Amino acid sequence: MITGTGHVLILGGTTEARQLARTLAPVPLLRVTTSLAGRVTQPRMPDGEIRVGGFGGPGPMAAWLSRHEVAAVIDATHPFAAVISANAATAAAAAGIPLVALRRPGWQPGPGDRWHQADGLDHAAALLPGLGRRVFLTTGRLGLAAFAGLDGLHFLVRSVEAPEPPLPLHTELLLDRGPYTVEGERELLRTYAADVLVTKDSGGPATAAKLTAARELGLPVVVVRRPPAPPGVRTAWDVAGAVAELERLGCLSPGAIPGAGPGAIPGAADTCP
């Protein structure tokens, strides 16, 4: 690998992925490609080259990495995209290419929070009857079949695009995309008369306002834990950390991005868990 040159593949779809692509795209002699899964019809497009669609599994992905002479992979997918993360780890290892996971830190409960941890959507659904009757469900459009049998509860389901059936019997849909404000989330919870919130531990500020609003209103929150990361994969907790990893790997000359220390990249977190 030649210092200061190479091809970096970003597995994208998150705010951090777009921030990283915007940071790397202007670097001379560095080729940057972001891969999007194609599940959202109108995604926010990153800087640099773009490919859309799945790879077809770890084998075809490894072949793509070799064919396109990728020097490093940054897995900046959603923290709950467990399948693509596992495939990426397998493919990178097979192709002999380093991989770094870019994962925003998860949320942490604070004073006054009434959190109930769940190990998955099925577990979250099992907790709900004992916590409330009107549910603000913010786990995304996939996997809502886990809640479909809870006919005695009413759901407000928010997602970027319409969710896939089956859905709970009593469901209202709200198609919206963050970031959200505490004032807006508080008003939404009051208008819907929600008495319980369900969310995945996505982390990041874009959708954290609902947690503050729930705390202020004294509502219980069911928080679905993240799936475990693939074993042996290095993790960067923010964009600046991912840049540092690329410098360590030789994809970037040290100091190629001036001031790229912790907190120097717009939107990057200043601390790690």
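**Exercise 1. Determine how many residues line the second largest pocket and which of them lie nearest its centre.**

Solution. The lining of the second largest pocket comprises 22 residues, with Pro 79, Arg 103, Arg 226, Pro 227 and Ala 229 nearest its centre. The model is predicted: local features need pLDDT of at least 70, side-chain atom pairs count only at pLDDT 80 or more, and totals for chains, interfaces and linings use all residues. Residues are numbered from 1 along each chain as its sequence is written, and side-chain values use heavy atoms, with hydrogens and water left out.

A pocket is an open set of points on a 1 Å grid over the protein atoms alone, with protein on both sides within 12 Å along at least five of seven lines; a cavity is a set where a 1.4 Å probe fits but cannot get out, and lining residues have an atom within 4 Å of a point.

Next, consider the volume, which is the space filled by probe spheres set on the points, these being joined across faces, edges and corners. For the second largest pocket the volume is about 300 Å³.

Then assign the lining to elements, which are DSSP runs numbered from the N terminus (helices: H or I, at least four residues; strands: E, at least two). Helix H3 (82-95) and strand E5 (99-102) each contribute at least two residues to the lining.

Finally, sort the lining by class: 13 residues are nonpolar, 5 polar and 4 charged. Here Ala, Val, Leu, Ile, Met, Phe, Trp, Tyr, Cys and Pro count as nonpolar, Asp, Glu, Lys and Arg as charged, and the others, Gly among them, as polar.

**Exercise 2. State which residues line the largest cavity.**

Solution. The count gives 1 cavity of 30 Å³ or more. The largest cavity holds about 30 Å³ of space. Its lining consists of Thr 14, Glu 16, Ala 76, Thr 77, Pro 79, Leu 102, Arg 103 and Arg 104. By class, 3 of these are nonpolar, 2 polar and 3 charged.

**Exercise 3. Locate the salt bridge partners of Glu 185 and Arg 186, and decide whether Glu 185 is buried or exposed.**

Solution. Side chains of opposite charge can pair when their charged atoms come close. A salt bridge requires a side-chain nitrogen of Lys or Arg within 4 Å of a carboxyl oxygen of Asp or Glu. The structure holds 10 salt bridges.

In one of them, Glu 185 meets Arg 158 at 2.8 Å, N to O. Glu 185 belongs to helix H5 (residues 182-192) and Arg 158 to strand E8 (residues 154-159), so this pair ties together parts that are 27 residues apart in sequence.

For accessibility, buried means under 20% relative accessible area, exposed over 50%, and partly exposed in between (1.4 Å probe, protein chains only). Glu 185 is buried because its relative accessibility is 2%; Arg 158, at 6%, is also buried.

Arg 186 pairs with Glu 216, their closest N and O atoms being 2.8 Å apart. This pair links distant parts of the chain, Arg 186 in helix H5 and Glu 216 in helix H6 (residues 209-217), 30 residues apart. Glu 216 has 45% relative accessibility and therefore counts as partly exposed.

**Exercise 4. Identify which residues are linked with Arg 234 in a network of salt bridges.**

Solution. Begin with the pair Glu 245 and Arg 234, whose closest N and O atoms are 2.9 Å apart. Glu 245 lies in helix H7 (residues 239-249) and Arg 234 in strand E12 (residues 234-236), 11 residues apart. Glu 245 is buried at 11% relative accessibility, whereas Arg 234 is partly exposed at 41%. The network links Arg 234, Glu 245 and Arg 248.
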